[in-house]
2 protein chains.
Amino acid sequence: MSKDPLPGLTLCNNAVLRRATRKLGQFYDDVVAPSGLKATQQGLLYQIHIGDEPAMGAIAGALVMDLSALGHTLKPLIRDGYVETFTDPNDRRIKRVRLTPQGLIKLDEAMKLWRVAQQRFEDMVGKEQAAMLRAALDDIAALDFGIPPAAP
Amino acid sequence: MSKDPLPGLTLCNNAVLRRATRKLGQFYDDVVAPSGLKATQQGLLYQIHIGDEPAMGAIAGALVMDLSALGHTLKPLIRDGYVETFTDPNDRRIKRVRLTPQGLIKLDEAMKLWRVAQQRFEDMVGKEQAAMLRAALDDIAALDFGIPPAAP
DNA sequence: TTTACTTAGTGGCATATGCCACTGTTTGCG
DNA sequence: CGCAAACAGTGGCATATGCCACTAAGTAAA
């Protein structure tokens, strides 16, 4: 017998997505917590790490995140000395981001924990199921809802 | 040919989920915006509406959301007169929530817009695909990662 | 009943995200 | 060259969420 799972809004794609995000976020956060980072921060450090001193705009684009939101999220990481920024010498509008040595160490530490969370999650839902889910979510993140503003 | 979609972190279930949430959230927000509500608020009003003057804890449970977070999220809605709370006469610890008349009107208005967003989204990803996705996300929200604390 | 435990919310603090208005920079043109 | 349009970020303000410490209210055990 399957215990009646969750009540309510199981109809709105957005609401269901948010709810799952809260749940999974708490789990990853819990597991990664010993590093002192939130799962979001670990992910951000990773994103910076795999980039070549990426510009803020590039990071925001990759994460489908508002540029100013990225700026805010970056602050605690800069304050704690894990990340530093510098102006691109070729285009002074651009500010690039990179990990500090401590940031790299911290990322290593967090990644070890992340692997545990990732593994535990995939053990529960199945590796393939997880991969399919990620693919579906990637598609959503890449969707192109038309342009709201007016055309010239 | 499939244009290389999104770079980076396409490995972390949590990060991918968050990214999709940001994207979809922006879309639903945009569409629902004319009502003056965020998609999250519309969803919350709806959740309250379908409940029978639900207790805060019940709402938080259904949304897999922290109780205090719910309290915070509720504040703007109370301030704007869409929602009101009252103490349960049988158990004065419990605070129940209900829509005000204006809240009901506003919800109606927002739901009309929501349907547009929902429809547009499902036209893009496919009705069945969307249903499968919701089911998968529901499963995640219902997952039971073991209990972190120690046992007696 | 008196005490100990459990339950339901609140308030404070911190991060996560967005939008908008505004400030520098670059670039494109006339 | 000089100015308008396009870009990249910043800061302020508001919502979304969480955790923790604390208070008020039931409940159960002594």
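The following paragraphs go through a predicted model, from the fold of one chain to the contact between chains, the DNA surfaces and a few local features.

Chain A contains six helices and two strands. Along the sequence these elements are arranged as α-α-α-α-β-β-α-α, with the two strands falling after the fourth helix. The C-alpha trace of chain A extends over about 65 × 50 × 25 Å along its principal axes. Of the 152 residues in chain A, 30% are buried. If contacts in chain A are restricted to residue pairs at least 6 apart in sequence, 49% of them join residues at least 24 apart.

The two protein chains can be considered as copies next. Two copies of a chain are related by a rotation about an axis and a shift along it. Here, a turn of 180° with a shift of 0.0 Å along the axis lays chain A on chain B with an RMSD of 0.0 Å. This is the relation of a two-fold axis. Both copies use the same surface, and 100% of the contact residues of chain A recur in chain B.

That surface involves 48 residues of chain A, in contact with 48 residues of chain B. On the chain A side, two or more residues come from each of helix H1 (13-32), helix H2 (39-50), helix H5 (101-125) and helix H6 (127-142). The greatest contribution is from H1(A), which gives 16 residues. By class, this side of chain A has 31 nonpolar, ten polar and seven charged residues.

Two helices of chain B can be followed in detail. H1(B) has 20 residues, which at 1.5 Å a residue should span 28 Å, and its end C-alpha atoms are 28 Å apart, in agreement with that value. H1(B) is mostly covered, with 15 of its 20 residues buried. Helix H6 (residues 127-142) of chain B, with 16 residues, reaches 22 Å from its first C-alpha to its last, close to the 22 Å expected at 1.5 Å a residue.

Which residues of H6(B) are buried? They are Leu133(B), Leu137(B), Ile140(B) and Ala141(B). These residues lie on the same side of H6(B) because they cover an arc of only 95° around the axis. An α-helix has 3.6 residues a turn, so residues three or four places apart point the same way. Lys127(B) and Glu128(B), on the other side of H6(B), are exposed. The cover over the buried residues of H6(B) includes H1 and H6 of chain A.

Both chains also contribute to the surfaces near the DNA. Around DNA strand C there are 25 residues, of which Ser68(A), Ala69(A), His72(A), Arg22(B) and Gly57(B) come nearest. At least two residues of the surface near DNA strand C are supplied by each of H2 and helix H4 (67-79) of chain A, and by each of helix H1 (13-32), helix H3 (56-62) and helix H4 (67-79) of chain B. H4(A) gives the most, with five residues. The surface near DNA strand C comprises seven nonpolar, nine polar and nine charged residues.

DNA strand D likewise has 25 residues around it, and the nearest are Arg22(A), Gly57(A), Ala69(B), His72(B) and Arg92(B). H1, helix H3 (56-62) and H4 of chain A, along with helix H2 (39-50) and H4 of chain B, each supply at least two residues of the surface near DNA strand D. In this case H4(B) gives the most, with five residues. Seven nonpolar, nine polar and nine charged residues make up the surface near DNA strand D.

Some single residues remain. Most residues other than glycine have a negative phi, and most peptide bonds are trans. Glu53(A) has a positive phi, near 45°, and is not a glycine. Glu53(A) is placed in the loop between H2 and H3 of chain A, and counts as partly exposed because it has 13 C-beta neighbours inside 10 Å. Val64(A), also not a glycine, has a positive phi of about 50°. This residue is in the loop between H3 and H4 of chain A; with 19 C-beta neighbours inside 10 Å, Val64(A) counts as partly exposed, the cut-off for a buried residue being 20 or more.

Phe86(B) belongs to strand S1 (residues 83-87) of chain B. Phe86(B) has 11 C-beta neighbours inside 10 Å and therefore counts as exposed. Eleven residues separate Phe86(B) from Val97(B) in sequence, and their C-alpha atoms are 6.6 Å apart in space.

Conventions
Residues numbered from 1 in each chain as written. Chains lettered and ligands numbered in written order. Predicted model: local features only at pLDDT ≥ 70, side-chain atom pairs only at ≥ 80, totals over all residues. Contact = placed C-beta atoms within 7 Å. Helix = DSSP H or I, 4+ residues; strand = E, 2+ residues; numbered from the N terminus. Nonpolar A, V, L, I, M, F, W, Y, C, P; charged D, E, K, R; others polar. Near = placed C-beta within 6 Å. Buried ≥ 20, exposed ≤ 12 C-beta atoms within 10 Å, placed from the backbone. Least-squares fit on C-alpha atoms with pLDDT ≥ 70 in both. Expected span 1.5 Å × (residues − 1). Arc of directions from axis to C-beta.
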